[in-house]
Amino acid sequence: MNEDAGTDRWLWIGGLLVVLLTIAAHARGLQGQFLEWDDYGHITQNPAIRSLSPANLWMMFTQPAAKLYVPFTWLSFAIDYQIWGHNPFGYHLTNLLLHVANTLLVLLLAFQLLRVRFVHAQPAAILTAAIFGVHPLRVESVAWATERKDLLFAFFYLLAILAYLRWVIVGNRRDYWTCLLLFICSALAKSTAVTLPLVLLLLDVFWKRRVALWEKIPFFAVSLIISAATFVAQASGNGETVVDTRAVPLWARFGLVGYCTLFHVGKFFWPLHLSAVYPSFEDFGWTPLHAVGYLLVFAILLAAAFALRRRAPIVLPSWLFYLITLSPTIGLVPVGVHVVADRFTYIPLIGLALPLSVGIVVLANNRRRAQPIIAAAAGMSLVALTILSANRSVVWTNTETLFNNALTEDPNCYPALVNLTTYYASTKQFDKAIACGTQAVAVAPNGLVGRKSLASALVQAGRYREAIKALQPAIDHGIDDRAVWRTLQECFTALGDEKNAKLAETRMLRSL
């Protein structure tokens, strides 16, 4: 048997073990239900995915909803819908299969990058893929049906990088155009893919010691077009939107670069107390001093990576890969109410797992006597990560388990309280709904969403006077919201107050 055949055999064996671990980590997510948190807007109540008709395909590519432009993701949902209908199992199965495929692509990518510079490329690549596959930070992207966009964009993103490496090595023009096509597919699955041109430049500089900017012109053009489409989508429609720039001051945004970077690194090395909803910027209570502190630590880490570029050459490009791929959600441009989230690390985590894996393998080979101990520790760590991910998958089973877990981590988590209010009301558990809604209003008295969800629960429970009282502060503050006036009209009508019911109807029609 030649050396290449032996290498291939060990990669296949390692890949099989990684696949089994990955399935074990995420299989419990197959029991998950659709969540009352974006799953309805993207899947169960999304008319665009009901068929693969030309009209629906046109809708997917021209009419963004939920303030996102993700036509390829919706196309994948439409294919699932033709097979599974409203059965959530099929959507979760597709997510799991995509994650397994991505884990194998990470294995191939890590091996391709290491094989010419690192004699122990096979075990390092296998360990990198294993960490990527089973880490608890992956659970949000895999167990949440809506986050298909993470998995799908990463699938095309990783394939594009592999095609680019082949283009650089072989020089076949077909590989270049394949890379560009895969990049377009990735960007149409999720706009976060726009970082790929910078990643390709990073590979040029550190992997092949070349700079070919002209090759990247079509890639940057695609990035510009997709970015523009995303901002147009964010500016209209229903759902989460770009945060007003005034909500996060400029000085704070520079601090968020450091905070977001360090937060995800911390969760990578200590993946406990994960949550679907972490504190927002408003919860931080920051001063400019906090921002300067986080930015200073960020600068120190970057300087350390540069200082290690000769002694540990894998560190700097890996750290830059992490920063580049995290950059769309790193805080400079507010992209939503979430400052940090587990799903933001889906691709960036590779930049942390690769140098860690190389370091472990190097340590094991430099300490021959301690090799069994190091191998056992690495194996036990992977098993521990697998168990943590399996347990975390259970948290994502349904809306109640997900947001009760968020409340366990933060008893005053406003989004969790609002979502639980809506969930309990929809399941006719009105006492629980009203309790959560009341707490949401207490946490954020000026929060309109919380008051609306509480009023809706009170109306469904037949407690009309309390619903009017819950909405009164919004009226006093001059908030002109159609849903508020519709609820008030319903309340006054039920109470027989025709005069106020007519006034509420007039205000509702005026706010159309």
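Which residues is Thr 192 in contact with, once its neighbours within four places in sequence are left aside? Select Thr 192 and have a look: the partners are Phe 153, Thr 325 and Pro 328. Keep in mind throughout that this is a predicted model.

**Stop 1: Thr 192 and its loop**

Thr 192 sits in the loop that runs between helix H9 (173–189) and helix H10 (196–206). Despite the loop address, Thr 192 counts as buried, because its relative accessibility is 17% and the cut-off for buried is under 20%. Leave Phe 153 and Thr 325 highlighted, as both are on the contact list of Thr 192 and both turn up again on that of Ile 347.

**Stop 2: the nonpolar cores**

Now select Ile 347. Skipping neighbours within four places in sequence, Ile 347 is in contact with Phe 153, Ala 154, Tyr 157, Leu 158, Phe 321 and Thr 325. Add Leu 256 and Tyr 259 to the selection: together with Ile 347, they have the most contacts inside the largest nonpolar core, a set of 102 residues. To see where the biggest share of that core comes from, colour helix H8 (residues 148–170), which gives 15 residues to it. There is also a second, separate core of 45 residues, including Val 139, Ile 434, Ala 440 and Val 459.

**Stop 3: H12 against H13**

Tyr 259 leads on to a helix pair. Show helix H12 (residues 250–269) with helix H13 (residues 288–307): their axes come within 7 Å and cross at roughly 50 degrees. That angle makes the two helices oblique to each other, and the crossing is left-handed. On the H12 side, pick out Trp 251, Ala 252, Phe 254, Gly 255, Val 257, Gly 258, Tyr 259, Thr 261 and Leu 262. On the H13 side, the contact is made by Pro 288, Ala 291, Tyr 294, Leu 295, Val 297, Phe 298 and Leu 301. Colour this contact by class and you get 13 nonpolar residues, 3 polar and no charged.

**Stop 4: H14 against H15**

How are helix H14 and helix H15 oriented, roughly parallel or roughly antiparallel? Bring up H14 (residues 315–326) and H15 (residues 350–366), whose axes cross at roughly 160 degrees and come within 7 Å. The pair is therefore roughly antiparallel, with H14 passing H15 in a left-handed crossing. Select Ser 318, Trp 319, Phe 321 and Tyr 322 in H14, then Ile 350, Gly 351, Leu 352, Leu 354 and Pro 355 in H15, to see the contact. Its classes come out as 7 nonpolar, 2 polar and no charged residues. Phe 321 should look familiar, being one of the contacts of Ile 347.

**Stop 5: H18, H20 and Lys 428**

Next, helix H18 (residues 414–426) and helix H20 (residues 448–460). Their axes are 9 Å apart and the packing angle is about 20 degrees, which means that H18 is roughly parallel to H20. Here again the crossing is left-handed. Tyr 414, Val 418, Thr 421, Thr 422 and Ala 425 in H18 face a set in H20 made up of Leu 448, Val 449, Gly 450, Ser 453, Leu 454, Ala 457 and Gln 460. Sorted by class, this contact has 7 nonpolar, 5 polar and no charged residues.

Follow the chain out of H18 to Lys 428, in the loop between H18 and helix H19 (430–443). Lys 428 has a positive phi near 65 degrees without being a glycine, and with 59% relative accessibility it counts as exposed.

**Stop 6: Asp 38**

Jump to the loop between helix H1 (3–26) and helix H2 (39–44) and select Asp 38. This is another non-glycine residue with a positive phi, about 80 degrees. Asp 38 counts as partly exposed, at 39% relative accessibility. For context, most residues other than glycine have a negative phi.

**Stop 7: two buried residues to finish**

Asn 56 is in helix H3 (residues 54–62) and counts as buried at 10% relative accessibility. Not counting residues up to four places away in sequence, Asn 56 touches Pro 47, Ala 48, Ile 49, Arg 50 and Ser 51.

Last, select Val 134 in helix H6 (residues 121–134). Val 134 is buried, with a relative accessible area of 0%. Draw a C-alpha to C-alpha distance to Leu 382: the two are 248 residues apart in sequence and 7.3 Å apart in space. Beyond its neighbours within four places in sequence, Val 134 has contacts including Leu 21, Thr 22, Leu 385 and Ser 389.

Key: Residues numbered from 1 in each chain as written. Predicted model: local features only at pLDDT ≥ 70, side-chain atom pairs only at ≥ 80, totals over all residues. Heavy atoms only, no water. Axes fitted to C-alpha atoms, helices over the stretch in contact; angles between N-to-C directions. Helix = DSSP H or I, 4+ residues; strand = E, 2+ residues; numbered from the N terminus. Parallel < 35°, antiparallel > 145°, perpendicular 65-115°, else oblique. Left-handed = near helix turned anticlockwise from the far one by under 90°. Contact = heavy atoms within 4.5 Å. Nonpolar A, V, L, I, M, F, W, Y, C, P; charged D, E, K, R; others polar. Buried < 20%, exposed > 50% of the residue type's maximum accessible area, 1.4 Å probe, protein only. Core = buried A, V, L, I, M, F, W, Y, C linked by side-chain atoms within 4.5 Å.
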